[in-house]
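This report describes a protein model and the surroundings of its ligands. Please examine the sequence and the structure before reading on.

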Amino acid sequence: MTHTVAIAFTFTLSLFCLDIYAVGLDRGAKVYAERCVLCHGNTGTGDGYLPLRINDYPETNLFIKIKAASRKQVISVVTKGVNQNMPPWEDELSLLEIADVADLIIYLREDTESAVAMLNKYTSKLLRSLEEGKVIFETRCSLCHGMGGKGDGRLSKLITQPSPANLTQSRLLRASMFDIITLGGQAVGRSSKMPPWGEVLSVNEINAVTDYVKTLRD
Ligand code: HEC
Ligand code: HEC
């Protein structure tokens, strides 16, 4: 009898732990989709937008030439970054988020198929958001910045000093980019010819177009 109770208890407890683990992985998947895909790709194979666009980009495939193998090493790399290419996340993510995304990476390496299924939920949302960003960009921004963002839109002949920025060369941090798009040039000490979009576009739309603009970078 006690035995049965003990087994039932252990069973429930392990289900409970599995549950907590799954919740953590799910949070990790969300962080990964929002912060890491740009460089490490949707499934960790390194085919993110940046490495695909920039020649001689360092290896971002998380499955080969593994330097950070243990959970502790992954947490340390994500916290502190590696040289200028892998950014440190300690100021942007909480300790819990860093631990969750580290668990997700380990899970991805150990049980790739299940982890990818978990990631899909978030990365497909991201893709939809990038597509939305593209539509916004092409309808609202390309008149000045050009379809490819090179600053050569039709209005660039009229707007000079400064002309519409060449966004493929922009190195603005995401937060500053979000601000200039939301508030316009003048509010951030730049030209008033960069209009504010905060009243026309929702925060989600501005996030989407900001992410899209980042994919135009050389
Ligand atoms: C701007 C591009 C970029 C972003 C964004 C980025 N990484 Fe990286 N990451 C790199 C590069 C480049 C390396 C390889 C650095 C090296 O070894 O020179 C790397 C390496 C790593 C490694 C070590 C891989 C190994 O060899 O074991 C881990 C783990 C990692 N990144 C996790 C993450 C996580 C988690 C995120 C999101 C929170 C993230 N990265 C976001 C570029 C990026
Ligand atoms: C009427 C023309 C015009 C339109 C439309 C326009 N921009 Fe701009 N944008 C500018 C000009 C001009 C600048 C340069 C401002 C400066 O340097 O002072 C600029 C600068 C920027 C910058 C700063 C880049 C950097 O690195 O300095 C970003 C980002 C940007 N625009 C994004 C957008 C987005 C996204 C949209 C559409 C939602 C948009 N712009 C629509 C004219 C425009």
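## Two ligand shells and a kinked helix

In this predicted model, the shell around ligand 1 is made up, by class, of 18 nonpolar, 4 polar and 3 charged residues. Among the 25 residues around ligand 1, those that come nearest are Cys-36, Cys-39, Lys-67, Asn-85 and Met-86. At least two residues of this shell are supplied by each of α1 (2-35), α2 (37-40), α4 (71-80) and α5 (95-110).

Ligand 2 also has 25 residues around it, of which Cys-141, Cys-144, Ser-170, Arg-190 and Ser-191 come nearest. Two or more residues of the shell around ligand 2 come from each of α6 (112-145), α7 (174-183) and α8 (203-215). The greatest contribution is that of α6, with 5 residues. The table sets out the classes for both ligands.

| Shell | Nonpolar | Polar | Charged |
|---|---|---|---|
| Ligand 1 | 18 residues | 4 residues | 3 residues |
| Ligand 2 | 18 residues | 4 residues | 3 residues |

The helix α6 merits a separate description. A kink of about 45° is centred on Thr-139 in α6. The end C-alpha atoms of α6 span only 40 Å, whereas a straight helix of 34 residues would span 50 Å at 1.5 Å a residue. The buried residues of α6 include Gly-133, Ile-136, Phe-137, Cys-141, Cys-144 and His-145; Cys-141 and Cys-144 are also among the residues that come nearest to ligand 2. Just after α6, Gly-146 adopts a positive phi of about 85°.

On the scale of the whole protein, there is a division into domain 1 (2-110) and domain 2 (128-215). The centres of domain 1 and domain 2, taken over C-alpha atoms, are 32 Å apart.

Notes. Residues are numbered from 1 along each chain as its sequence is written. Chains are lettered from A and ligands numbered from 1 in the order in which they are written. This is a predicted model: local features need pLDDT of at least 70, side-chain atom pairs count only at pLDDT 80 or more; totals for chains, interfaces and linings use all residues. A residue is near a molecule or strand if its C-beta atom, placed from the backbone, lies within 6 Å of it. Helices (H or I, at least four residues) and strands (E, at least two) are DSSP runs, numbered from the N terminus. Ala, Val, Leu, Ile, Met, Phe, Trp, Tyr, Cys and Pro count as nonpolar, Asp, Glu, Lys and Arg as charged, and the others, Gly among them, as polar. Domain bounds come from an automatic or database domain assignment. The expected span of a helix is 1.5 Å times one less than its number of residues. The bend at a residue is the angle between axes fitted to the seven residues ending there and the seven starting there. A residue is buried if 20 or more other C-beta atoms lie within 10 Å of its own, exposed if 12 or fewer, and partly exposed in between; C-beta atoms are placed from the backbone.
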